[in-house]
Every structure is written in structure tokens, then in C-alpha cells.
Amino acid sequence: MKKANKKIIIFALFLVFVALGVFAKIAGTENIIINMLLLVVGFVLLIKGADYFVDGAAGIADRFGIPQIVIGLTIVAFGTSAPEAAVSISSALKGSTGLAIGNVIGSNILNILLILGITSCITTLKVGKNTVYYEMPFVILITIVLVLLGKFNVNLGKVSGGILWALFIIFFAYLIITSKKSGNNDEELGEEIAEEKSLPFILLLNFVIFGLVGIVIGSDVTVDSASVIANKFGMSDRLIGLTIVAFGTSLPELVTSIIAASKKKADIAIGNIVGSNIFNILFVLGTTCLIKAVYYAQAFIVDGIIAIAAVVLLFLSCVRKKQLGRMAGIVMLLSYCGYFIYLIR
């Protein structure tokens, strides 16, 4: 009961942030300090909104007897990509296409070079064979596809979105097949949602509703405040999308990976990061392109090539021993520093 009370208190604090987000949307301001604070509010709404949506939806689904493998491949998978999806779609609808593309490519680069770089410096990361031989090459393939789509068709519309979604369906089928072969994921997910299942149904329903509200409002606040900050400092949407927004939407992966590494439970960190990168390109950007055409600035071709190079570096670092060690992590961190200098030069 104490855990339930704690969750209710934290949820109440989350609702305060939702109210702040609504007020920010209504009031609007060009003040740079306020917009920096609103950017933080937006990130909190995105991240916690996704968390509450996943907790509530998974708990409700489990109560109705939906198999945990289905919950993991749909609700949980959507929740982990929800911050990036919400920001990218909101950016595209508001005409800030630099944020939409930059958020996805920037998150993918940051996920590998920064997050895995930091995590592997804390502890050696084991890598599954499927991740090395199937998923990493697949990330390289779809990133090349994205770069080619941007190279030969600067406006990524429904055709581009359809191509990305076709690849996503192939990947989703692969996930179903591999998940059915392994019972570990099902067992782990069961442990994760056991606590949510014991919560009152009305609370789980509120988690779903206000989780979605938080994601939507958070994306609006994040895009609006990021755009104001970019204009005030003379930064392009591309730069702020590749750095600040990408970092904000990747915070859950960063925190989770570091905590897991510190507890010596980071064996699945690389698989999760690689899976997140696949979802970012195929689900997030594919869905965004289907909703509204996204302008792919030619400057993003360089960023796309760097995203490809990051995955190749990851692949070469762990293909032989099926693990990622400290030396590889240092190389990744130095690579990200070099990329960051290139961006701000």
C-alpha cells in the first residue's frame, strides 16, 4: 500500500507539470529564461507521460488477459519511442522540420556514442548474437535508406513514410519471431508490470489518459520553447534538434543504462539502444512523414553518415568478443566530442 501511495503522490506532482504545460501554451512568452524552464517542463512531461502511459496501459492490458509478449511489442515499445515521436510530429506540423529530422538522427547518434560510451566505461556490456548479426546491420541499412531518401528527395512525404513503415513491419515481424523463441523477455516484463497490476483500475486508467495528455502537451511545449531559444541565440532548428532536443528525448535511455550498469545488470543495454534507434527511424520518422511531408535539409546528409559510422564503430567494437569494453567506450565518447565540436564550430 505504501508503494501505491508513493505512486499517487508522484502522479499528483506530474499533474502539476501538466497544468504548467497547459498554462504555458495559453500564456506564451518570448522570455529566454522562462523558455529554458519550459523546455525542462516539456521534457518532464514527455518522459514521465510516456512512463505513465506504459504503466497504465500495460497494467490494464494484463488485467484483460492480453499476453505479455503482445504488451511488450506494442505498448512498451510505443512508450519508449513516444517522446521522440511526439516531438517529431509536433515539429513537422508546426513547420520546424529541422527539429523533426534532427531529433531522430541526433538521438540515434547520441544513443550510441554518448549513452553506450558512458555505460561501457562503467562496466563491460555483453551483446547478444542477434543484436550483432541482425539488428546492427539492419540499423546501418535503414540509416543508409534514410540518407538516400533525403539525398534524392528533399521532401520526405507519404512515399518515404511508406518505405520506412514497410521496413518497420519487417522489423516488427522479426521481433515477434525472436520473442516467441525466448521466454526471458516475457518473464522480465511480467515482473515489471506486477506492481502496476495491483493498482486500482481507475488509477491505471488515469495513468493512460494523463500520460497521453502529458506526451501531447510536453511535445508542444518542448517544440515551442526550443524554437524560441534557437531564434534568440541564432541557432538553427537542425542544431537544436541534434543537440538539446535529442538529448532531452534520450534521457530515459541514458538514465536507465547508467543505473543498469552501476548495478551490473547492463547485459541488454546495447540491444535496447539498437532497438530504440530502429524505432526512431522507422516508426517515429515514418509516422511523421505519413502525417506531413518533412523537409530533409542537405546538411543532414553529413549527420546521417555520422549516424551510420557510429553503428559501424559499435559493430566493429563488439563483433569479435560479443561485448563492449571500456576502451571502445572511450573511443565513442571522444567521437561524440568531435561530432559536437563539428556542430557548434
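User: In this predicted model, is Gly 218 buried or exposed?
Analyst: The relative accessible area of Gly 218 is 0%. The cut-off for buried is under 20%. Gly 218 lies in helix 8. With an area of 0%, Gly 218 is therefore buried.

User: Which residues does Gly 218 touch, not counting residues up to four places away in sequence?
Analyst: Contact means heavy atoms within 4.5 Å. One of the partners is Leu 45, which is 173 residues apart from Gly 218 in sequence. The C-alpha atoms of Gly 218 and Leu 45 are 4.8 Å apart in space. Leaving aside residues up to four places away, Gly 218 touches Gly 42, Leu 45, Leu 46 and Val 213.

User: Which helix gives the largest share of the lining of the second largest pocket?
Analyst: Residues that line this pocket include Phe 78, Ala 82, Leu 212 and Asp 220. Helix 3 (68-93) and helix 8 (201-233) each supply at least two residues of the lining. The largest share is seven residues, and it comes from helix 3.

User: How much space lies in the second largest pocket, and what classes of residue line it?
Analyst: By class, the lining has nine nonpolar, two polar and one charged residues. Among the residues of the lining are Ile 89, Ser 90, Ser 219 and Asp 220. The space in this pocket is about 160 Å³.

User: How many helices and strands are there in the protein chain?
Analyst: The protein chain has 345 residues, and buried residues make up 51% of them. Take the contacts in the chain with a separation of 6 or more: residues 24 or more positions apart account for 87% of these. As for the elements, there are four strands and 13 helices.

User: Which helix gives the largest share of the largest nonpolar core?
Analyst: This core has 62 residues. Those with the most contacts inside it are Ile 105, Met 136, Ile 270, Leu 282, Tyr 296 and Leu 314. Several elements give two or more residues to this core, including helix 4 (97-122), helix 5 (129-152) and helix 12 (299-318). The largest share, 12 residues, comes from helix 11.

User: How many residues does the second, separate core have?
Analyst: In general, nonpolar side chains in soluble globular proteins tend to be buried together. Members of the second, separate core include Ile 75, Val 87, Ile 229 and Val 245. The size of this core is 36 residues.

User: What does Met 136 touch, not counting residues up to four places away in sequence?
Analyst: Met 136 is among the residues with the most contacts inside the largest nonpolar core. Ile 270 and Leu 314 are also in that group. Leaving aside residues up to four places away, Met 136 touches Val 127, Thr 131, Ile 270, Val 274, Val 311, Leu 314, Phe 315 and Cys 318.

User: Why is the pair of Phe 168 and Phe 279 called edge-to-face?
Analyst: A pair of aromatic rings is described by the distance of the centres and the angle of the planes. Here the ring centres of Phe 168 and Phe 279 are 5.3 Å apart. Planes over 60 degrees apart count as edge-to-face. The planes of Phe 168 and Phe 279 are at 80°, so this pair is edge-to-face.

User: Which helices hold Phe 168 and Phe 279?
Analyst: Phe 168 is buried, with a relative accessible area of 6%. Phe 279 is buried at 8% relative accessibility. The two are 111 residues apart, so the pair links distant parts of the chain. Phe 168 is in helix 6, and Phe 279 is in helix 11.

User: Is Arg 238 buried or exposed?
Analyst: Arg 238 lies in helix 9 (residues 237-249). Its contacts, leaving aside neighbours within four places in sequence, include Asp 303 and Tyr 342. The cut-off for buried is under 20%. Arg 238 has 18% relative accessibility, so Arg 238 counts as buried.

User: What phi does Lys 322 have?
Analyst: Most residues other than glycine have a negative phi. Lys 322 is found in the loop between helix 12 and strand 4 (323-324). Lys 322 is not a glycine, yet its phi is positive, at about 60°.

Technical notes: Residues numbered from 1 in each chain as written. Predicted model: local features only at pLDDT ≥ 70, side-chain atom pairs only at ≥ 80, totals over all residues. Heavy atoms only, no water. 1 Å grid on protein atoms, 1.4 Å probe; cavity = no way out; pocket = protein on both sides within 12 Å on 5 of 7 lines; lining within 4 Å. Points joined across faces, edges and corners; volume = space filled by probe spheres on them. Nonpolar A, V, L, I, M, F, W, Y, C, P; charged D, E, K, R; others polar. Buried < 20%, exposed > 50% of the residue type's maximum accessible area, 1.4 Å probe, protein only. Core = buried A, V, L, I, M, F, W, Y, C linked by side-chain atoms within 4.5 Å. Phe/Tyr/Trp six-rings, centres within 6.5 Å; stacked < 30°, edge-to-face > 60°.
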